[in-house]
Structure formats: structure tokens, C-alpha cells
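This report walks through one protein model, element by element, for a reader who has the sequence and the coordinates at hand. Where is the centre of the fold enclosed, and how do the pieces around it fit together?

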Amino acid sequence: MAILEVSGVNKRFGGLKALDDVNLQVAEGAVHAIIGPNGAGKSTLLNCFVGKLEPDEGSVIFNGTSLLGGIHPYQINQLGVVRVFQTPEIFADMTLLENVMIPAFAKRDGSFKLNMWRSVANRPEVNDEAEEMLVEVGLADQRHTISATLSRGDKRRLELAMCLMQHPKLLLLDEPTAGMSRADTNNTIDLLKRIGERGITKIIIEHDMHVVFSLAHKISVLAQGHVIAEGTPDEIKGNPKVQEAYLGGAQ
């Protein structure tokens, strides 16, 4: 069963066609990777899923609800769509525990103001759940550490704990291992596999094929805004169009 259905999506920027009749079906509970060279339209497509961009034509249906037509990004988030950016988005001067508590408040009200912090910080049930999320990502022993001191890999783990606090149904990951060492990359792969046990559907944009082939159930390949191939990791590895457009013969 598809949790996300993308049909005939086109997006132009002046004379440039960034997305050209894109069609995708993302199965519930699956890991669906979107790969392609720089400028292929991957981030543009993701922006159409979260309300940052409106396609010129086409439809994007999540769990039976259109994500287009004026729906606000915070409303899309409240439906269960959560995005992870290339650079971890955290509150650097706050502790790990405080960072993880904030999304619970923001998801409920659609926004968060730091001067409202006391009303969420004093809610024991929020504190307890945030502690559980830090255990889930392996950061519980650093709960009172200021977030700015974390390594890039640990900042990513913290951001994922913040995402889990929002109880996502669909997690959008835009190059989740960018700039990481191989050790941090492998740790992130393991963490995403554990998160997968929660049944969360994931869409991953990633250039590191080690990450893609380790996680993806299905892969869509974009080139010049158009889906040129789709299939399992083994099918994509052996597809000559993909080799020519992106993988360059490497497997």
C-alpha cells in the first residue's frame, strides 16, 4: 500500500524545467531512495512534499491527503511528515534533553517560541518521552550536555531523536550522512535500520551509494528532473541508463 503517491509533477523556474512529469509511489514502511547527479531535481522534489514549493502541475497525496493547494508546512508536519536536512537543525546552546523536548510542543501548536519554554519543560510526560528517544539513539548519557559540543555524527543522532519525538509516519532525509566519517556513516546506517523497526516510512536523498544500497528497498533515479529508472538496489546497480547517467560504472 502506497503512503505517498506523486503523479505528473512538473516544476519550472523560468525557462528551466526542474521536474519533468515525476511519478512515484512510496510503499508504507519502506525505505525509498531518490538518487541522481547534482541538479537532477532531488531537493526540489522534496520541497514539494513539505510545502516549501508548489508544483506547476501534478499531485502529491500523503495518506489520502493532498500536500498541495495552500496547505502550510506546519500542517504537513502535523500529518506526520518530518524532514531531516543536510546540516543538522538543532538548538546549539541548549542541552540534548531540551532539544528533544521542544518538538513535542511545536508539533502540538504549529510553532515554538523560546519564551514559552517553561510550559513544556515542566511537563513530566514530555521529559520522560524525550529521555526514551535519547536512549533510542544512544545519547542518553549526554542528556545534559550542551548540543554545540557534539560531533557531526552525534548532532545527526540528536536530530533524529527530535524527529522521533514528533511520531513521524514519513521521514524525509536529505543527505543524512553528508560530511560524516565512515564510522559515523555506518553508525547512522545502523540507527536508521533500528528506526525502521518502528514502521516509519523513509525517503532518502543520498549521494553515498554505500548508504543507499545498505538501506533502500526501492530506488528512483532522477536525471534532468525526470525519473529514468526505478527498481530494487540490484536492479539499479545493473541498469545501463543509471550507469551512464550517475553511477559511472561503479557498483
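In this predicted model, a good starting point is strand β3, of whose 5 residues 5 are buried, so that the strand is largely enclosed by the rest of the structure. Burial holds for both of its faces, with V31, A33 and I35 buried on one side and H32 and I34 buried on the other.

**The sheet around β3**

Strand β3 belongs to an open sheet of 6 strands with mixed pairing, whose order is β6-β7-β8-β3-β9-β10. At the edges of this sheet stand β6 (residues 81-84) and β10 (residues 226-231), each of which pairs on one side only. Direction ignored, neighbouring strands of the sheet are turned against each other by 20° on average.

Three of the strand pairings can be followed in detail. Strand β3 pairs with β8 in the parallel sense over 4 bridges, and it also pairs with β9 in the parallel sense over 4 bridges. Strand β9 (residues 218-223), in turn, pairs with β10 in the antiparallel sense over 5 bridges. Residues that stand opposite each other in these pairings are listed below.

| Residue | Partner |
|---|---|
| A33 in β3 | I204 in β8 |
| I34 in β3 | S220 in β9 |
| L222 in β9 | V227 in β10 |
| I219 in β9 | G231 in β10 |

The hairpin of β9 and β10 has 2 residues between its strands, and in this hairpin Q224 takes a positive phi near 55°.

Strand β8 also holds T201, which counts as buried because its relative accessibility is 0%, a value under the 20% cut-off for burial. Leaving out residues up to four places away in sequence, T201 touches I3, V26, A27, E28, G29 and A30, and likewise K169, L170 and L171.

**Helices against the sheet**

Helix α1 (residues 42-49) packs on the sheet, where it touches β3, β6, β7, β8 and β9, and its direction makes about 150° with that of β8. A second helix, α6 (residues 152-164), lies across β6 and β7 and runs at about 170° to β6.

The loop between β3 and α1 contains G41, which is buried, with a relative accessible area of 9%. Beyond its neighbours within four places in sequence, G41 is in contact with A18, L19 and L222. The C-alpha atom of G41 is separated by 6.8 Å from that of Q224, although these two residues are 183 residues apart along the chain. The loop that leads into α1 and the hairpin of β9 and β10 can therefore be inspected together in the viewer, starting from this pair of C-alpha atoms.

**Helix α5 and its two sides**

How does the span of helix α5 compare with what its number of residues should give? Helix α5 (residues 124-136) has 13 residues, which at 1.5 Å a residue should span 18 Å, and its end C-alpha atoms are 19 Å apart, in agreement with that value. The buried residues of α5 are V126, A130, E131, M133 and L134. These residues cover an arc of only 160° around the axis, which puts them on the same side of α5. As background, an α-helix has 3.6 residues a turn, so residues three or four places apart point the same way. On the other side of α5, the residues P124, E132 and V135 are exposed. After α5 comes G138, which has a positive phi near 80°.

**A polar residue in strand β1**

Strand β1 (residues 2-13) includes N10, which counts as buried because its relative accessibility is 10%. The side chains of N10 and K17 are joined by a polar contact of 3.4 Å. Apart from residues up to four places away in sequence, N10 touches K17, L19, D20, D21, P55, D56 and E57.

**The protein overall**

Across its 251 residues, 49% are buried, and the protein contains 10 helices and 10 strands. Of the contacts between residues at least 6 apart in sequence, 67% join residues at least 24 apart.

Notes:
Residues numbered from 1 in each chain as written. Predicted model: local features only at pLDDT ≥ 70, side-chain atom pairs only at ≥ 80, totals over all residues. Heavy atoms only, no water. Buried < 20%, exposed > 50% of the residue type's maximum accessible area, 1.4 Å probe, protein only. Polar contact = N/O pair within 3.5 Å; in protein donor to acceptor, adjacent residues only side chain to side chain. Contact = heavy atoms within 4.5 Å. Pairing = 2+ DSSP bridges. Axes fitted to C-alpha atoms, helices over the stretch in contact; angles between N-to-C directions. Expected span 1.5 Å × (residues − 1). Arc of directions from axis to C-beta.
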